[in-house]
Every structure is written in structure tokens, then in C-alpha cells.
Amino acid sequence: MSILMPEPDHLVLDRRDAIIAALRAIVPGEGVISSARELLPYESDGLTAYRQPPLVVVLPETLAQVSAVLRWCHENKVKVVPRGSGTSLSGGSFPLADGVLLGMSKFNRVLAVDYKDRLAVVQPGVTNLAITRAVEAAGSITLRILPAKSPVRSAAMSPRIRAACIA
């Protein structure tokens, strides 16, 4: 069985250099990855059945950078695929040949743990190991994980995770 990738928009591909330059103005330094070799780790996440290098990877460090990247991409009709830590445990990210892969791995803090309500508020790049380390002193518990800015406090709206902790 062969897996068909979406046909890339060649009008976007033709603007690749301009897109990269604009994104580098928003996220300076090593926050923009564009060489073919450096894009290889981002061609898939934990679900390796689907592989395709993205047009470019952007690794913002601040919420202002995330907002500016999303605004610029929206205004310039460039697709964006968000990516957490790349484990594929919460749905996975599918890179697009004509899209920006917005890596959230630098947003990797556990912001709060409410043991009574079994709730952890985390940033999008948090790994299971980081959550385990944050709660290991409390023993083995089940937590509901909510994004840091989530207005919803419902188990149905958040992924569940078992944090197997060593007391």
C-alpha cells in the first residue's frame, strides 16, 4: 500500500527563499531550519509511516514570536503545521512540503500540578518524561494534561496520560 502525500502548492515553493528570509527576521539565530540535511529529523514524528520534509522549520522561543510567525504565514497564505515534542502520542504532526513546521519544543515547562484534581498545566512541547519528573515525589498518579492557555478544564477536552512515578 502506498501513501499519497498532498500535492504541494508550487506558488509557495517558488517563494521559499523569501519565506525563509521573512521567518528569519521574526525568529533570528538558529530558530529557522532550512537546509535539506537539517530538515531530515522533522520529516516525520514518532509515526514514521508518513515522511516528508517540510518547507522550513521554525523554532520560536517566545509567545510573541509564535504570534508573529502565525500572523505572517496567514497574511502570506503559507500553511502552518504545529509540532510539540515529536512523539506522535497526541495525534502527531504531518509536515507539508509547502508548509512551515512550527516546532514548539522550546516551550517545554510544566507550569502547574494540581495533585488534588489530578491536573497538570503544561506548555505544548512538554514530554512525558518531564511530566513524570515533575510529579515523581507524589507517587503514581493519573493526570489530565491541559495546554497552558486552555480555557477549558474538562477531561473530555484534554489528553489523558498516566504518569508512572517512583515514590
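Two residues are in contact here when they have heavy atoms within 4.5 Å of each other. With that in hand, we can walk through this predicted model, starting from one valine and working outwards.

## Starting at V58

Setting aside neighbours within four places in sequence, V58 is in contact with L23, V27, G31, V32, V69, V100, L101, L102 and G103. V58 also has a special place in the largest nonpolar core: that core has 19 residues, and L23 and V58 are those with the most contacts inside it. Two or more residues of this core come from each of α2 (16–26), β2 (56–58), α4 (63–75) and β4 (99–103). There is also a second, separate core of 8 residues, which includes L39, Y42, L59 and L101.

## The overall plan

Stepping back, the protein has 5 helices and 8 strands. Along the sequence they follow the pattern α-α-β-α-β-α-β-β-β-β-α-β-β. Of the 167 residues in the protein, 39% are buried. If you look at contacts between residues at least 6 apart in sequence, 57% of them join residues at least 24 apart. The accessible surface comes to about 9,900 Å², and carbon and sulfur atoms account for 56% of it.

## The four-stranded sheet

Which order do the strands take in the open sheet? The order of the 4 strands is β1-β2-β4-β3, and their pairing is mixed. As background, strands of a sheet pair through backbone hydrogen bonds, either parallel or antiparallel. The table lists the pairings in this sheet, together with the β5 and β6 pair described further down.

| Strand pair | Direction | Bridges |
|---|---|---|
| β1 and β2 | antiparallel | 2 bridges |
| β2 and β4 | parallel | 3 bridges |
| β3 and β4 | parallel | 5 bridges |
| β5 and β6 | antiparallel | 4 bridges |

Some individual residues help you find your way on the screen. I33 stands opposite V57 in β2. L102 in β4 is the bridge partner of V58, and L102 is also the bridge partner of P82. At the edges of the sheet stand β1 (32–33) and β3, each with a single partner strand, so one side of each has no neighbour in the sheet.

What about β4 itself? In β4, 5 of the 5 residues are buried, so the strand is largely enclosed by the rest of the structure. Both of its faces are covered, with G99, L101 and G103 buried on one side and V100 and L102 buried on the other.

## A helix with two sides

α4 is a good helix to look at from its end. Its 13 residues reach 18 Å from the first C-alpha to the last, close to the 18 Å expected at 1.5 Å a residue. Which residues of α4 are buried? They are Q65, V66, A68, V69, W72 and C73. Seen down the axis of α4, these buried residues fall within an arc of 165 degrees, so they line one face of the helix. A general point helps here: an α-helix has 3.6 residues a turn, so residues three or four places apart point the same way.

The buried residues of α4 pack against α2, β2, β3 (79–83) and β4. On the other side of the helix, L63, A64, H74 and E75 are exposed. After α4 comes K77, which has a positive phi, near 55 degrees.

## A buried serine in a loop

S44 lies in the loop between α3 (36–39) and β2. Is S44 buried or exposed? Its relative accessible area is 9%, and buried means under 20%, so S44 counts as buried. Leaving aside neighbours within four places in sequence, S44 is in contact with Y50, R51, R83 and P95. S44 and S93 are 49 residues apart in sequence, yet their C-alpha atoms are 7.5 Å apart in space.

## The hairpin

Further along the chain, β5 (residues 110–114) and β6 (residues 119–122) run antiparallel. They form a hairpin with 4 residues between them. D114 has L119 in β6 as its bridge partner. In the turn, R118 has a positive phi of about 55 degrees.

Technical notes
Residues numbered from 1 in each chain as written. Predicted model: local features only at pLDDT ≥ 70, side-chain atom pairs only at ≥ 80, totals over all residues. Heavy atoms only, no water. Core = buried A, V, L, I, M, F, W, Y, C linked by side-chain atoms within 4.5 Å. Buried < 20%, exposed > 50% of the residue type's maximum accessible area, 1.4 Å probe, protein only. Expected span 1.5 Å × (residues − 1). Arc of directions from axis to C-beta. Areas by Shrake-Rupley, 256 points an atom, 1.4 Å probe, with all protein chains shown as cover. Pairing = 2+ DSSP bridges.
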